[in-house]
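Got your viewer open? Load the model and let's walk through it together.

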Amino acid sequence: MLNEERIHEFSESLRLVKRLTDPVGEILDEWTLENGLHVKSRRVPLGVIGMIYEARPNVTVDAAGLALKAATQ
């Protein structure tokens with residue numbers, strides 16, 4: 001049921017998404033090969049967002065929030 005409490009939960013969920021750090025560009029590992037080549041394993045965007053819908057209407061709000069956050073960073 002969509003009521004004032006649920007809408008408040010949706011907005012709180014979006015606030016949590018807003019506070020997430022952007023993982024793109026994060027260096028996961030790095031090393032130097034014997035020939036002097038420096039190698040880094042870095043997070044890169046794929047351009048795909050996948051969501052598994054359970055029986056929760058707020059999943060749509062969460063998916064939209066994540067998509068908008070990903071597009072603005």
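Of the contacts in the protein with a separation of 6 or more, 29% are between residues 24 or more positions apart (contact means heavy atoms within 4.5 Å). What you're looking at is a predicted model, where local features need pLDDT of at least 70, side-chain atom pairs count only at pLDDT 80 or more, and totals for chains, interfaces and linings use all residues. Residues are numbered from 1 along each chain as its sequence is written, and side-chain values use heavy atoms, with hydrogens and water left out.

Now colour by secondary structure. From the N terminus on, you'll pass α-β-β-α; helices (H or I, at least four residues) and strands (E, at least two) are DSSP runs, numbered from the N terminus.

Next, select E30, which sits in strand 1 (residues 27–32). Show side chains and add H38: a polar contact of 2.7 Å joins the two. That term means a pair of N or O atoms within 3.5 Å; within protein, one must be able to donate a hydrogen and the other to accept it, and residues adjacent in sequence count only if both atoms are side-chain atoms. Then try S41: its C-alpha atom is 6.0 Å from that of E30, 11 residues apart along the chain.

Last stop: D62, in helix 2 (residues 58–71). Is D62 buried or exposed? It counts as buried because its relative accessibility is 15% (buried is under 20% relative accessible area, exposed over 50%, partly exposed in between, with a 1.4 Å probe and protein chains only). Add S13, whose side chain makes a polar contact of 2.3 Å with the side chain of D62.
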